[in-house]
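Trainee: I would like a close look at a single part of this model. Please take one edge of the sheet and work outward from there.

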Amino acid sequence: MESDGKPSPSSQKRVGRFLLKFFGCAFLLAFSYRRLLFSGATGFFVFSSSPASEIQAAKGGNLRRVSDYPSMEKTDAPYTRLAEMVLHGRKGDSLKEQCDLFSGEWIPNSSGPPYTNSSCSVIYSAQDCLTNGRPDTGYLYWKWKPYGCDLSPFDAEKFLKIMRNKSWAFIGDSIFRNQVDSLLCLLSQVEEAVMIYHDETFESMTWYFSSHNLTLAFIWAPFLLNAEIKDLGHSQYDIQLHIDALDNTWTSQYNKYDYIVMSGGQWFLKTAIFWENSTIIGCHYCPGKNLRELGMDYAYQKALELAFRFTTTSDHKPLVVFRTWTPDHFEYGEWYNGGICNRTEPYKEGEFRGNPVDQVMRGLEIAEFEKAAAIGLEDGTRLKLLDIYHLSLLRPDGHPGPYGKFHPDISKRPQNDCLHWCLPGPIDTWDDILMEIVLREGDQRSST
């Protein structure tokens with residue numbers, strides 16, 4: 001599996017120094033953003049406040065934290081709930097909380113998924129876990145239950161009826177492609193889409209539902225920012241990231257769509273050189289280049305700020321849904337050194353808190369989203385949050401693991417994919433919630 005950015009292990013002495021700096025940084029972030037909570041986990045990553053000399057790069061220059069202290073992985077720290085105004089608010093709404101779709105638990109579901117690997121023809125082979133020989137199927141029999149209410153399963157017929165003559169764009173990285181495939185599978189129970197466009201590398205694609213005149217596009221823009229990314233095989237190449245300019249691939253198409261779903265992702269963990277005003281200003285992990293270490297959080301905050309500013313200042317006002325950070329579940333190592341994900345059941349609440357870098361990146365997302373949402377309430381921008389972080393964190397059993405390849409020889413310890421999701425699998429719940437967000441938005445608009 002090609003990682004979305006991973007670092008290699010370091011010594012315990014360096015870890016100790018790093019953790020002192022991390023928790024100091026954590027306190028400042030929590031105080032500044034108010035809603036950012038993290039405690040009790042350990043990890044490796046470069047913040048804007050951390051010197052590059054304290055970590056090492058993985059093979060290929062891709063940076064990634066390590067979780068090698070199991071005793072520090074467990075905590076009973078509660079999940080941070082966001083005000084209903086932030087999740088689904090409109091100007092004039094009451095701050096009284098309704099149902100928080102993102103706070104809940106996974107409960108057994110004997111009915112299983114609405115589609116199978118046999119009934120859906122668009123599943124990407126690397127996420128087709130059952131066809132690839134995954135022996136256990138228990139991960140298919142869970143459903144997300146928000147506290148205080150029920151989440152309706154995805155209704156393909158209702159969705160297609162509501163979305164007649166509409167158009168959607170999902171903007172992001174391969175995790176979004178994973179979600180789009182989930183949505184196509186869910187909708188295929190009523191109508192199968194036809195691919196009508198793809199670029200040369202099959203990174204950006206568009207599908208069409210002719211019976212409903214519905215267009216669904218996936219636009220490859222892993223940084224949201226303008227980035228120069230070269231695939232040189234195993235040779236070293238530093239990504240050139242222009243932190244003052246958005247990726248024209250998606251901004252040039254923004255006005256075409258009625259619904260926009262967007263997100264950043266784990267590409268920000270990769271080694272990158274940062275440009276501003278056509279000048280190199282620093283980097284994220286670039287030892288030996290005599291550049292200022294600005295950190296991945298610096299670049300991600302810039303990307304979020306620019307993207308949200310673009311949506312709030314645009315004359316075009318689609319429904320914009322921002323999807324939060326998705327965690328991985330590598331254990332006993334990372335993608336490059338034998339890390340695996342072989343659990344067969346969800347975590348219980350408080351059993352696993354996740355990695356500090358994930359919490360920091362989601363914290364940046366929430367802070368920037370809140371600022372943009374406040375602006376949106378005044379200027380008519382329809383901005384909603386799809387906060388899948390916590391419910392996904394609880395599903396270590398939902399990844400392909402070694403079954404991203406057809407019937408792998410487990411005795412040879414094949415590389416595991418603990419970032420993307422099996423189809424069918426937990427990622428289908430993201431679309432259940434997405435549909436609920438769309439339905440709520442429709443109800444709100446019809447009542448105003």
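Mentor: Start with a definition. A salt bridge here is a side-chain nitrogen of Lys or Arg within 4 Å of a carboxyl oxygen of Asp or Glu. With that cut-off in hand, take Arg-382, Lys-384 and Glu-441: a network of salt bridges links them. Keep in mind that this is a predicted model.

Two members of that network, Arg-382 and Lys-384, sit in strand β13, and they point the same way from it as Leu-386. Leu-383 and Leu-385 point the other way. Charged or not, these residues are all buried. The strand covers residues 382-386, and 5 of its 5 residues are buried. The word needs its cut-off: buried means under 20% relative accessible area.

Now place β13 in its sheet. The sheet is open and has 7 strands, in the order β4-β5-β6-β3-β9-β12-β13, with mixed pairing. Its edge strands are β13 and β4 (194-198), each of which pairs on one side only. Between neighbouring strands the turn averages 20°, with direction ignored.

The partner of β13 is β12, residues 319-323. The two strands run parallel and share 5 bridges. Among the bridge partners, Phe-322 is matched with Leu-385 of β13. To get from β12 to β13, the chain passes through helix α7, residues 356-379, in a right-handed β-α-β crossover.

Helix α7 deserves a pause. It has 24 residues and spans 35 Å from first C-alpha to last, close to the 34 Å expected at 1.5 Å a residue. Of those 24 residues, 18 are buried, so by the under-20% cut-off the helix is mostly covered. It packs on the sheet and touches both β12 and β13. Its direction makes about 155° with that of β13. After the helix comes Gly-380, with a positive phi near 90°.

There is a salt bridge within α7 as well. Lys-371 and Glu-368 meet through their side chains at 2.9 Å, N to O. The two are 3 residues apart in the helix, so about one helical turn separates them. Their exposure is not alike. Lys-371 is partly exposed, with a relative accessible area of 46%. Glu-368 has 5% relative accessibility and therefore counts as buried.

Next, helix α9, residues 428-447. Arg-440 and Glu-436 both lie in it, 4 residues apart, which is about one turn of the helix. They form a salt bridge, with the closest N and O atoms 3.4 Å apart. Arg-440 counts as buried because its relative accessibility is 15%.

Another helix to follow is α4, residues 174-187. It lies across β3, β5 (205-209), β6 (214-220), β9, β12 and β13. So the edge strand we began with belongs to the list of strands that α4 lies across, while α7 touches β12 and β13. Relative to β6, α4 runs at about 160°. Asp-181 and Arg-177 form a salt bridge, their closest N and O atoms being 3.0 Å apart. Both residues belong to α4, and a spacing of 4 residues separates them by about one helical turn. Asp-181 and Arg-177 are both buried.

Move further along the sheet. Strand β3 (residues 167-172) pairs with strand β9 (residues 259-262) in the parallel sense, over 4 bridges. One of the matches is Ile-171 with Met-262 in β9.

Strand β5 holds Phe-209. This residue is buried, at 0% relative accessible area. Neighbours within four places in sequence aside, Phe-209 is in contact with Leu-160, Leu-184, Leu-187, Glu-191, Glu-192, Ala-193, Leu-214 and Leu-216. Take Leu-187: it is 22 residues from Phe-209 in sequence, and the C-alpha atoms are 9.5 Å apart.

Last, the whole chain. Its secondary structure comes to 9 helices and 13 strands. Of its 448 residues, 58% count as buried. Among contacts with a separation of 6 or more, 77% join residues 24 or more positions apart. The search of the whole structure finds 12 salt bridges. For the part you asked about, hold on to this picture: β13 is an edge strand, its residues are buried, and Arg-382 and Lys-384 are linked with Glu-441 in a salt-bridge network.

Note on methods
Residues numbered from 1 in each chain as written. Predicted model: local features only at pLDDT ≥ 70, side-chain atom pairs only at ≥ 80, totals over all residues. Heavy atoms only, no water. Buried < 20%, exposed > 50% of the residue type's maximum accessible area, 1.4 Å probe, protein only. Pairing = 2+ DSSP bridges. Right-handed = clockwise from strand over helix to strand, strands pointing away. Expected span 1.5 Å × (residues − 1). Axes fitted to C-alpha atoms, helices over the stretch in contact; angles between N-to-C directions. Contact = heavy atoms within 4.5 Å.
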